[in-house]
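Reader: I am new to this structure and would like to be taken through it slowly, with the reasoning shown at each step.

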Amino acid sequence: MSAQGDCEFLVQRARDLVSEDPWAAKAWLITARTLYPSDFNIQYEMYTIERNAERTASAGRLLYDMFVNFPDQPVVWREISVITAALRNDVQDKHAQFLRGLFETLPGRVQCEMLLKATEQCFNTLEKAEMLLLLLRRFPESVVQHGVSLGETLLEAESIEDQETPVNCFRKLFVCDVLPLIINNPDMRLPASLLYKYMHKAAEFYIGYVTRGPTAESQLQVSQEAGSLKSPTARGSQRYIIEGLTEKSSQVVEPWERLLEIMSVVGVRCEWQMDKGSRSYGEMLQRMKELGRYLSSFDADAHVRYRNQVVYSVMLVAVFTVRCHGHGSPSTVPWILVEDLSSVYSDADLDRSKHIHKKRKLADGREKTMSSDDEEVSGKGCGRHILVNKTELPCWADMLESFRTARESWELLHSQETLENEFNRICSSWKTDSWLWLRIFLTDMIIYQGQYRKAVGSLHQLASIQLPQPQVVAPQSSLEQHRALIQLASCHYALGEYRMACEKVLEVVNSLVPQVQEAIRTAEEVPRVRTKFRKGSDLRLLPCTSKAIMPFCMQLMLACFKLRAFTENRDDLALGHVVVLLQHDWPQGECLFLKAIEKICQQGSFQYENFFNYVTNIDMLEEFAYLRTTEGGKVQLELLPNQGMLIKHHTVTRGITKGVKEDFRLAMERQVSRCAENLQTVLHRFCINEKIMLIQSLP
């Protein structure tokens, strides 16, 4: 029998005995190995038996022998690939743990050589990078030789693959895994230009990661210490899969903190003026303001160094606080910055002696709901008040502070030509024009500055981006798409373009679902620091919900029609619209309603054929019923609609049936039975059905 035949016989004999007597099988293979030490099949069979029995030490020794004596055998590399796959994965099953333990039994030199050769066997860039990363983590001394080349390979692969977003598998592996190994290795000597390049790539990735879309944004929650540098967000827990990676590999825990750590290490290496200890974002901004004042006094090298520190630091503060000031970050509900219209009901000084009636109690003993800032104020470049409802926005203080910090950061980045040029260069490379959330903030800032014409242009661009998106069933998603329309309406109103304002508002109302009517309550305004600005220039922060948006829409339309209704020229149509709209948030508008009644009395007549279609407020019905009486002035009212009304009979109090036309009496009696209707539904129907008339009745 030939030597080859003898080897095969011995191996087969051992295989036959494994299940019955593993020790006998092992004896056969030891004998075979002694007789034929250069035969690979004998050694591999011995390894297989030990591996299947999960005897770590003996399997490791045999794998080591095969790797040294038979490095060209494909079967050996197949085994090594299985082991390295177990090393790369986080699977914790028993077999994976055995494979890791087997690898640990190998000498360090052999582990390093094995990983390097395994890397050479990989043809997929991502797999090769993961294998080399495994080497760098296990053998930090290899970072000096392979770290930068691995990083450049990943960045080059990203460019070759033409990735559409910086949040891709290559950048994630580089930023989250490779870069920390490079910059934290004390033996690495890197030029400042390369460090800035890597920090630039890292910042782009992390900013892209935390701002990557509505689904991710809706899950963002900020802790009570939102301004702390070490309590960024909980974005690491979001479900988000990066193409080419598993769901688990796609997750980044505490991305803001990771970015801060990278900037800190790079800052030390580039000789920035670093602070000891942690600072809040507000404190970081103040520190950069101080440094920015002295930029011009530094020499060329120091100027570039500190310019980069200011730009990157302030840019990070700006992005973080923009995300925290309401665009999907501090709560699941975004908010909208609009003109404050809470005083729309309260600017009428009434002379009650001109019209005495039984509903005097409407005007007596009730305080007006006015803004606390009615003094004449003026000032150039000063801040504006932003009013919020504490109940609607529990985290209002952090939101307003974040908005202020974000504005100041943006202003600092544009305060000097050298800072602005560097910042614009970064924005250009990051293509920030496509960052919708940033454009929303910039629009809010323009509105805050009172540049309404400029804001209208920006909002038209936002609307063109938001509205063509695929239809979403969720009402909240629809409201987010109409954010631009709501702000357009507010800006047009501020510009005195009331028809355009009304048109935009009605477009929004058309998409809203009427809410269940609630008891009337006055919103509590938050304490505000008084700052000087022109009278009536307050802004309001609204959550983007139907419950908050519908009242604003009603107030804005009321504000538009009120100006037309109470001019010296008679306009019954506008006055009728005002009466209908005053029903909302009743009795906030009692004083203004009394002014409307006074104007009708002065006219001696009033025509509004939609009255019985949309006026269901019992107080208003009684006032109009009283106008027809002798005591009320026998005002001629033409309120009957063209169509009949089939409503249950109900008698109005105070004897309206005496001395008035029968058809008016019956219509008024029937109307009273509608007082229990949901007012939100009535007003919503008014806006939908009368849209064309409402728009055309404004200049």
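Author: The questions below go from the whole chain to its strands, then to helices and single residues.

Reader: Before we look at details, what kind of model is this, and how many helices and strands does the protein chain have?

Author: This is a predicted model, and what I say about it is computed from that prediction. The secondary structure of the protein chain comes to 31 helices and five strands.

Reader: What percentage of the residues in the protein chain is buried?

Author: A residue counts as buried when its relative accessible area is under 20%. Applied to the 699 residues of the protein chain, that cut-off gives a buried share of 53%.

Reader: Among contacts between residues at least 6 apart in sequence, what percentage joins residues at least 24 apart?

Author: Contacts here are counted in the protein chain, and the starting set is those between residues at least 6 apart in sequence. Within that set, the share that joins residues at least 24 apart is 73%.

Reader: How many of the residues of strand β3 are buried, and what lies on its two faces?

Author: On one side of β3, L539, L541 and P543 are buried, and on the other side R540 and L542 are buried, so that both faces are covered. Strand β3, residues 539–543, is therefore largely enclosed by the rest of the structure, the buried count being five of the five residues.

Reader: Which strand runs antiparallel to β3, and which runs parallel to it?

Author: Five bridges join β3 to the antiparallel strand β1, residues 335–339, and within this pairing I336 stands opposite L542 while E339 has L539 as its bridge partner. Like β3, strand β1 is mostly covered, with five of its five residues buried. Two bridges join β3 to residues 386–387, where L387 stands opposite R540. The antiparallel strand is thus β1, and the parallel strand is β2.

Reader: Where do the buried residues of helix α18 sit around its axis, on the same side or on opposite sides?

Author: In α18, the buried residues are L419, E422, F423, I426, C427 and W430. They cover an arc of only 140° around the axis, which puts them on the same side of α18. E417 and S428, by contrast, are exposed on the other side of the helix. For the buried residues, then, the answer is the same side.

Reader: How far does α18 reach from its first C-alpha to its last, and which residue follows it?

Author: Helix α18, residues 417–430, has 14 residues, and at 1.5 Å a residue the expected reach is 20 Å. The reach in the model is close to that, at 20 Å. The residue that follows α18 has a positive phi, near 55°, and is K431.

Reader: How many of the residues of helix α3 are buried, and how far apart are its end C-alpha atoms?

Author: Helix α3, residues 40–52, is mostly covered, and its buried residues include F40, I42, Y44 and R51. The buried count is 11 of its 13 residues. At 1.5 Å a residue those 13 residues should span 18 Å, which agrees with the distance between the end C-alpha atoms, 18 Å.

Reader: Is N168 buried or exposed, and which backbone nitrogen lies 2.8 Å from a polar atom of its side chain?

Author: N168 lies in the loop between α9 and α10, and at 2% relative accessibility it counts as buried. Leaving aside neighbours within four places in sequence, N168 is in contact with E158, Q163, F205 and I242. The backbone nitrogen 2.8 Å from a polar atom of the N168 side chain is that of R171.

Reader: Which side chain is joined to that of R287 by a polar contact of 2.9 Å?

Author: R287 lies in helix α15, residues 281–293, and counts as buried at 16% relative accessibility. Leaving aside neighbours within four places in sequence, R287 is in contact with Q273, D275 and R279. The side chain joined to that of R287 by the 2.9 Å polar contact is that of Q273.

Reader: How many disulfides are there, and how far from C553 is the nearest cysteine sulfur?

Author: A pair of cysteine sulfur atoms has to lie within 2.5 Å to count as a disulfide, and by this rule the count comes to zero. C553 is in no disulfide, and this cysteine is buried, with a relative accessible area of 1%. The nearest cysteine sulfur to that of C553 belongs to C687, at a distance of 7.8 Å.

Notes. Residues are numbered from 1 along each chain as its sequence is written. This is a predicted model: local features need pLDDT of at least 70, side-chain atom pairs count only at pLDDT 80 or more; totals for chains, interfaces and linings use all residues. Side-chain values use heavy atoms; hydrogens and water are left out. Buried means under 20% relative accessible area, exposed over 50%, partly exposed in between (1.4 Å probe, protein chains only). Helices (H or I, at least four residues) and strands (E, at least two) are DSSP runs, numbered from the N terminus. Two strands pair if DSSP finds at least two bridges between them. A polar contact is a pair of N or O atoms within 3.5 Å; within protein, one must be able to donate a hydrogen and the other to accept it, and residues adjacent in sequence count only if both atoms are side-chain atoms. Contact means heavy atoms within 4.5 Å. The expected span of a helix is 1.5 Å times one less than its number of residues. The arc is that of the directions from the helix axis to the C-beta atoms.
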